[in-house]
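Hi,

Here is the structure I said I would pass on. Have a look at it first, and then read my notes below.

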Amino acid sequence: MIKEVEGDLFECLNDTNIKSLGLCHCVSQDFAMGVGIAVEFKKRFGRVEELVAQKPAIGSGAFIVHETPLFHIFYLVTKGRYYQKPTYQTLRSSVVWLKKEAEAKGVTLLCMPRIGCGLDLLEWDKVRAILVEVFENSETNIRVYRK
């Protein structure tokens with residue numbers, strides 16, 4: 001199930017009723033994270049070297065585990081360099097990777113911005129359709145934050 005809400009993405013970190021939480025957003029393979037919401041992820045969670053060391057392919061992703069409180073942070077690698085734009089296919093491949101990883105880690109709620117739709121300029125209706133298709137028959141719920 002996908003639920004869209006108004007508000008700050010990081011508000012979900014205060015929700016103590018969530019069994020197993022995951023955050024996610026899109027990044028480039030170079031993990032530059034110099035603009036947009038990526039800056040906030042980099043500032044809050046750091047550990048960029050750990051992400052780079054995972055050597056994710058475009059169309060997959062990398063993750064870190066935040067310890068206190070415990071939650072997963074998924075970085076969807078949808079393009080090679082920070083100045084490039086993703087395609088719907090690379091986004092879809094990353095979402096397939098996300099579903100597999102989230103389910104393997106027991107994540108019951110994924111919180112995200114409108115992935116690929118800010119600076120990456122993809123259309124939300126198409127991205128939402130990808131999320132619905134990929135996460136059909138999944139126990140993982142998705143909460144999409146927009147300001």
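A cut-off to start with: I call a residue buried when its relative accessible area is under 20%, exposed when that area is over 50%, and partly exposed in between. Glu 6 has 52% relative accessibility, so this residue counts as exposed. Please keep in mind that this is a predicted model.

**Salt bridges**

Glu 6 is a good place to begin, since its side chain meets that of Arg 146 in a salt bridge, with 3.0 Å from N to O. Glu 6 belongs to strand S1 and Arg 146 to strand S6 (residues 141–146), so this pair ties together parts of the chain that are 140 residues apart in sequence. Arg 146 itself is partly exposed, at 27% relative accessible area.

Strand S1 has another such link. Glu 4 pairs with Arg 128, and their closest N and O atoms are 2.9 Å apart. Here the arginine sits in helix H4 (residues 124–135) and the glutamate in S1, so the salt bridge ties together parts that are 124 residues apart in sequence. Both partners are partly exposed: Arg 128 has a relative accessibility of 27%, and Glu 4 has a relative accessible area of 26%.

There is also a local pair, within helix H1. Lys 43 and Glu 40 form a salt bridge with 3.6 Å between the closest N and O atoms. These two are three residues apart in the helix, which is about one turn. Lys 43 is exposed at 66% relative accessibility, while Glu 40 is partly exposed at 23%.

Back to the pairs that involve S1: Glu 4, Glu 6, Arg 114, Arg 128 and Arg 146 are joined into one network by salt bridges that share partners. The count of salt bridges for the model comes to 13.

**Two serines and a cysteine**

What does the side chain of Ser 20 reach? The backbone oxygen of Gly 106, at 3.2 Å. Ser 20 lies in the loop between strand S1 (2–6) and strand S2 (21–28), and its relative accessibility of 16% makes it buried. Setting aside neighbours within four places in sequence, Ser 20 is in contact with Lys 105, Gly 106, Val 107, Thr 108 and Leu 109.

Ser 28 is in strand S2 and counts as buried, with 4% relative accessibility. A polar atom of the Ser 28 side chain lies 3.4 Å from the backbone nitrogen of Tyr 82. Apart from neighbours within four places, the contacts of Ser 28 are Val 77, Lys 79, Gly 80, Arg 81 and Tyr 82.

Cys 26 is in S2 too, and at 14% relative accessibility it is buried. With neighbours within four places again left out, its contacts include Leu 76, Thr 78, Leu 91 and Ile 115. From Cys 26 to Pro 56 the C-alpha to C-alpha distance is 13 Å, with their positions 30 residues apart in sequence.

**A hairpin**

Strands S3 (residues 60–66) and S4 (residues 71–79) run antiparallel and are joined by seven bridges. The two form a hairpin, with four residues between the strands. If you want to find one of the pairings on screen, look for His 66, whose bridge partner in S4 is Phe 71.

**Backbone and surface**

Two residues that are not glycines have a positive phi. For Met 33 the angle is about 45°; this residue is in the loop between S2 and H1 and is buried, at 6% relative accessibility. For Arg 47 the angle is about 60°. Arg 47 is in the loop between H1 and helix H2 (48–53), and its 32% relative accessibility makes it partly exposed.

On the surface, Val 35, Val 39 and Leu 119 form a nonpolar patch, and together they have about 260 Å² of accessible area. Of these, Val 39 is in helix H1 (residues 37–45) and is partly exposed, with a relative accessible area of 34%.

Cheers

How values were computed:
Residues are numbered from 1 along each chain as its sequence is written. This is a predicted model: local features need pLDDT of at least 70, side-chain atom pairs count only at pLDDT 80 or more; totals for chains, interfaces and linings use all residues. Side-chain values use heavy atoms; hydrogens and water are left out. Two strands pair if DSSP finds at least two bridges between them. Patches are made of residues with over 30% relative accessible area and no salt bridge: like charges are joined within 9 Å, nonpolar side chains (Val, Leu, Ile, Met, Phe, Trp, Tyr) within 5 Å. Accessible areas come from the Shrake-Rupley method with a 1.4 Å probe; for residues, only the protein chains shown count as cover. A salt bridge is a side-chain nitrogen of Lys or Arg within 4 Å of a carboxyl oxygen of Asp or Glu. Buried means under 20% relative accessible area, exposed over 50%, partly exposed in between (1.4 Å probe, protein chains only). A polar contact is a pair of N or O atoms within 3.5 Å; within protein, one must be able to donate a hydrogen and the other to accept it, and residues adjacent in sequence count only if both atoms are side-chain atoms. Contact means heavy atoms within 4.5 Å.
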